[in-house]
Structures are given as C-alpha cells and as structure tokens.
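Hi there,

Here is the structure I promised to pass along. Have a look at it first, and my notes follow underneath.

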Amino acid sequence: MGDLNALEIWAVLGVLLLILEIFATSFFFIFFGLGALATALLTYLDVTEDLPSQVIAFLIFSAGSLLLFRKQLKELFYRRGGEYTEMVNEKAKVSVEIPENGTGKVFFRGTDWLAESKNQVAIEAGKMVSIKEVDGIKLIVEAI
C-alpha cells in the first residue's frame with residue numbers, strides 16, 4: 001500500500017473531524033472538517049498545489065465558516081421555541097456520576113442522557129433524580 005497523497009490526507013482528516021463532531025456535539029469540529037474537505041477539493045482541482053497554500057486554504061475555510069455560521073447553527077439546534085416540558089418531573093437514574101458544576105449522565109427511557117445538577121452539587125451514580133428542565137439535549141436534574 002502506497003503513501004497517502006495530500007488530497008487523501010485532507011479528505012480523511014475532514015471525515016474524521018466530522019465524525020468527531022457527532023460525538024462532541026459542540027458545533028466546533030464540523031467547521032474544521034468542512035475546511036479540510038474544502039481543502040481536499042481545492043487540491044483535487046489543482047488550486048492548492050503545495051502544503052503552505054493548502055494550510056492557508058484550510059485555515060481560511062475553517063475559521064471563516066466558524067466565525068460566520070457557528071452561532072446560527074447553535075441557535076438552530078438549541079432554539080427554545082417554547083419550553084419542552086414532557087420530561088419535567090419524571091424520574092431517572094444517574095448512570096455516570098454528575099460532578100459538582102459538571103456534566104454526567106442519567107438513564108431515562110432506555111438511553112443515557114447528558115445531565116447537570118440543578119443545584120450544581122455532585123450526584124453519585126446509581127442515585128435517583130427528578131428531571132427539572134430540558135436544555136437542548138441535556139437534562140437538568142435534582143437528587144431525590
């Protein structure tokens with residue numbers, strides 16, 4: 001198997017960063033992944049022939065799209081078009097300890113959810129909690 005060329009390296013990097021975004025859900029890595037894929041396209045089209053021009057293209061696409069679109073993308077996904085209350089006051093079990101001022105996980109309706117303590121206190125794994133709020137994909141909970 002031969003060495004990877006620049007086009008393949010940028011394409012693989014772009015795909016890996018997009019996959020990382022799926023797990024991070026921070027709307028940060030997606031822009032660097034798209035920047036790498038844009039650089040791969042420019043390399044394929046022979047617009048960026050050497051490494052310095054490829055790095056510059058990557059930085060311009062990544063930083064530019066990050067600055068222009070991150071806020072709008074986050075608002076789109078975390079829009080609070082009315083309070084979502086279906087889960088409020090339901091019970092869940094802490095599956096991964098919720099640290100003080102941090103994020104853990106609770107098991108609710110067959111899956112693990114990101115969770116924070118409403119009072120910013122640690123809650124041990126195995127404890128039962130009550131869901132007090134829903135913040136995007138995160139549950140705000142209180143120990144029972």
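Does Phe 23 count as buried or exposed? This is a predicted model, and in it Phe 23 has 68% relative accessibility, so the residue counts as exposed, the cut-off being over 50%. Phe 23 sits in helix α1, which covers residues 6-24. It also belongs to a nonpolar surface patch together with Val 12, Val 15, Leu 16, Ile 19 and Ile 22. The accessible area of that patch comes to about 610 Å² in total. As a reminder, an α-helix has 3.6 residues a turn, so residues three or four places apart point the same way.

On to helix α2, residues 29-44. With 16 residues at 1.5 Å each, the helix should span 22 Å, and its end C-alpha atoms are indeed 22 Å apart, so the two agree. The buried residues of α2 include two glycines, Gly 33 and Gly 35, and three alanines, Ala 36, Ala 38 and Ala 40. Phe 31, Thr 39, Leu 42 and Thr 43 complete the buried set. Just past the end of α2, Asp 46 adopts a positive phi of about 60°.

Then there is the barrel. Five strands close it in the order β1-β2-β3-β5-β4, with mixed pairing. From one strand to the next, the twist averages 55°. Within the barrel, β3 (residues 111-117) and β5 (residues 138-143) run parallel and are joined by four bridges. One residue to look up there is Ser 117, whose bridge partner in β5 is Val 141.

Happy browsing, and do write back with any questions!

Best wishes

How values were computed:
Residues are numbered from 1 along each chain as its sequence is written. This is a predicted model: local features need pLDDT of at least 70, side-chain atom pairs count only at pLDDT 80 or more; totals for chains, interfaces and linings use all residues. Side-chain values use heavy atoms; hydrogens and water are left out. Patches are made of residues with over 30% relative accessible area and no salt bridge: like charges are joined within 9 Å, nonpolar side chains (Val, Leu, Ile, Met, Phe, Trp, Tyr) within 5 Å. Accessible areas come from the Shrake-Rupley method with a 1.4 Å probe; for residues, only the protein chains shown count as cover. A salt bridge is a side-chain nitrogen of Lys or Arg within 4 Å of a carboxyl oxygen of Asp or Glu. Buried means under 20% relative accessible area, exposed over 50%, partly exposed in between (1.4 Å probe, protein chains only). The expected span of a helix is 1.5 Å times one less than its number of residues. Two strands pair if DSSP finds at least two bridges between them. Axes are lines fitted to C-alpha atoms, for helices over the stretch in contact, and angles run from 0 to 180 degrees between N-to-C directions.
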